[in-house]
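Ready for some practice in reading a protein structure? Work through the exercises below with the picture beside you, and try each task before you look at its solution.

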Number of protein chains: 2
Amino acid sequence: MRVVIVGAGITKFAEHWNKSFRELIVEAAVKAIESSGLKGEQIEAIYGGCMASGRLIGQEHIGALIADQLGLNPIPSTRCEAACASGGVALRTAYLAIKSGLHSIVAVGGVEKMTELSTQAVSFALGGAGDQEIELFHGATFPSLYALLARAHMHAYGTTEEQMASVAVKNHANALLNPNAQFHKEITIEDVMNSAYVAEPIKLLDCSPITDGAAALILASEDKAKELGLKGVEILASEQASDTLALSSRESLTELKATRIAAQKAYERAGIRPSDIDFAEVHDCFTIAEILAIEDLGFFKKGEGGLASEKGKTSLKGKIPINPSGGLKAKGHPVGATGVAQAVEAYMQLMGLADKRQVKNARIGLTHNVGGSGATAVVTIYKRFKG
Amino acid sequence: MRVVIVGAGITKFAEHWNKSFRELIVEAAVKAIESSGLKGEQIEAIYGGCMASGRLIGQEHIGALIADQLGLNPIPSTRCEAACASGGVALRTAYLAIKSGLHSIVAVGGVEKMTELSTQAVSFALGGAGDQEIELFHGATFPSLYALLARAHMHAYGTTEEQMASVAVKNHANALLNPNAQFHKEITIEDVMNSAYVAEPIKLLDCSPITDGAAALILASEDKAKELGLKGVEILASEQASDTLALSSRESLTELKATRIAAQKAYERAGIRPSDIDFAEVHDCFTIAEILAIEDLGFFKKGEGGLASEKGKTSLKGKIPINPSGGLKAKGHPVGATGVAQAVEAYMQLMGLADKRQVKNARIGLTHNVGGSGATAVVTIYKRFKG
């Protein structure tokens, strides 16, 4: 049974001082339902991605909360958590739920409200994505973990800080064209290079921000989409892989193995090659993460991601546009929402709804969502659904 | 595609001062894998239930952690969270994953380590299962929420504190026969009645304890089970329903509507009636919860659960044995593990492995797992698999 995205919605990504967690998820969900043309009561189940609501807003049981706020009781509603890959995992879980034959219309949500606490407390909560005993307990934070990955890549392949900076510059440029992005500010290589070190060689402008936001999708089985005459985007494959939580247990620090394996499996299931992908939304929580991703996803050879970025090959008009939405870096990174927001962007691009950031002739898209420093990766491949 | 439980494992439920979260989940998982006769590398995906690890041990990303600790990278590993129904939801999600046809052997885990913090801090973390804004912020704790349900039931049906006490007495008696139970202590109605009020009319001995523990299952598709000659227990149905988080939004306080709806759907899918069930593990987080459950599941008419309990109809040799394991009350309640532990008990009973607590002629069993005060319910029905 093929699975089709028939609706998508997203809030503006921002520091939403006047909107609650509940308001954000309802806004995204209502937009998704409206865009599908369905009614709420046609939805049979919900899967929601959320990373750290317990520590960020004192609320667990997010699945039930979403159904409650949408007035969709008594349908089953499940929270999936895989750190910053929570949204991608929720999407894949919903995709399997439709493939199971037990549900034919399913909503997927992703949400995080990160600005209720101090930056230090948020940083500590995000640390739960890594290995608490081996890494966090000893003082590591996420910038420091990705700094280790950056150093390894610089050492092995000569990747430079300027090349990493070029990722931030490109993503800020794309975000200027995305009304829902957190940052609408053009930046230069010099701006990035002159920003303060957070964890050398990672500087402030290499980092994705703390963001509030939500995103939602409506999925339908092929049969149901045809029966109801729904248009949309087909999920050709959605694959997930795991790796060790701690960097110290990894075989290599110059790749995220979980990305590579999830991508291999996704390409195989979709029956395509990396060169068939017209654009990708990848997990650029730090600029080095985008460089790793475009290599691990097979768009560029290992070690050539930095140079490719610097040469503009990943820009909106480059060989393969990466993060047309602005990415985590500039669209923003409400952690549990990110994987779903990436799929919303894939939907918009493939439906030709991406306005000024539209990738030309976009036929096949890919999203890539990472949890922690790579202990979870989800790779999903999409194409326009021909009903 | 039918789904079969081919292995099960559980730790002792206790205050495990000398075992970590990681050690507990590995112990349960290894036992489950060994009992199935499979090798770890035959497992294709993991679904883990865990409620509040972020607040209880500072660790999110539990799916990846489990795969990591078991050396099962790079398979996909997903955490499901639905408060105290996290385990039941993980089981249902794994069941759908097999039904999807994408996975044929899947592990399900449930785990919680609750004794790292003070009782007050744990109580606050558990509060995340309810409505943070409407209930918890204003000082409600879970005993107080269930006290409201108890009062409503007492008012409507004349249910007595002694009848509630009889649930605790029966579950402690069953737990005496379960070597993995937290409490091995016979108690009397007087003991319960003389215990201190926690939230009137709920007394200390009406409450399930704070517990550390883990449980695990191995599921296989029917085809794979036949191919490998595996024995086990078939899942006839697994249904999940949601309700409002806050009690104040409910239509009725004398039932858990989510239980009733999940049960109706499960009976329908399994093609059976409540009278076909030979035993059930139900969610007795408080004694009143068991009384509500045996009514909402259709074993007794609404309002007659208290009397049925008092009359011994739910004892090991009664009309329908309820919680032969000792239940949450006496076996213990490591919240994220509970739903999986219930399924482990169903497996043991249907395989004839329950030793002194074996229900005679057990052919069909049911488990019932609740999140919070009933905003999530999962009802699963099992019978011995005839390969």
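**Exercise 1. Find the domains of chain A and describe how they meet.**

Solution. Start with the bounds: the domain assignment divides chain A into domain 1 (3-118 + 211-234) and domain 2 (129-207 + 237-382). Keep in mind that you are looking at a predicted model.

Next, locate the two centres. The C-alpha centres of domain 1 and domain 2 of chain A are 23 Å apart.

Now count who takes part in the contact: 36 residues come from domain 1 of chain A and 34 residues from domain 2 of chain A.

Then ask which elements of domain 1 are involved. Strand 1 (3-10), helix 4, strand 4 (105-112), strand 7 (213-221) and strand 8 of chain A each bring at least two residues to the side that touches domain 2. Helix 4 of chain A gives the most to this side, with 8 residues.

Finally, sort this side of domain 1 by class: you should get 23 nonpolar, 8 polar and 5 charged residues.

**Exercise 2. Decide whether chain A is as compact as a globular protein of its length.**

Solution. First take stock of the elements: chain A has 14 helices and 11 strands.

Now compare two values. The radius of gyration of chain A is 19 Å, and the globule rule gives 21 Å for 387 residues; these are close, so chain A is as compact as a globular protein of that length.

Add the dimensions: the C-alpha trace of chain A spans about 55 × 45 × 40 Å along its principal axes.

Then look inside. Of the 387 residues in chain A, 67% are buried. To count as buried, a residue needs 20 or more other C-beta atoms within 10 Å of its own.

Last, consider the contacts in chain A with a separation of 6 or more: 78% of them join residues 24 or more positions apart.

**Exercise 3. Describe how chain A and chain B touch.**

Solution. Begin with the count: 51 residues of chain A are in contact with 51 residues of chain B.

Next, trace the elements. Helix 2 (53-57), helix 3 (62-69), strand 3 (77-81), helix 4 (86-99), strand 8 (233-242) and helix 10 (257-270) of chain A each supply at least two residues of the side touching chain B.

By class, this side of chain A holds 24 nonpolar, 19 polar and 8 charged residues.

Now zoom in on a pair of strands. Strand 3 of chain A pairs with strand 3 (residues 77-81) of chain B in the antiparallel sense, over 3 bridges. Which residue stands opposite A:Cys80? Find B:Cys80 in strand 3 of chain B, and you have your partner.

Terms used. Residues numbered from 1 in each chain as written. Chains lettered and ligands numbered in written order. Predicted model: local features only at pLDDT ≥ 70, side-chain atom pairs only at ≥ 80, totals over all residues. Contact = placed C-beta atoms within 7 Å. Helix = DSSP H or I, 4+ residues; strand = E, 2+ residues; numbered from the N terminus. Nonpolar A, V, L, I, M, F, W, Y, C, P; charged D, E, K, R; others polar. Pairing = 2+ DSSP bridges. Rg over C-alpha atoms; globule rule 2.2 N^0.38 Å. Buried ≥ 20, exposed ≤ 12 C-beta atoms within 10 Å, placed from the backbone. Domains from an automatic or database assignment.
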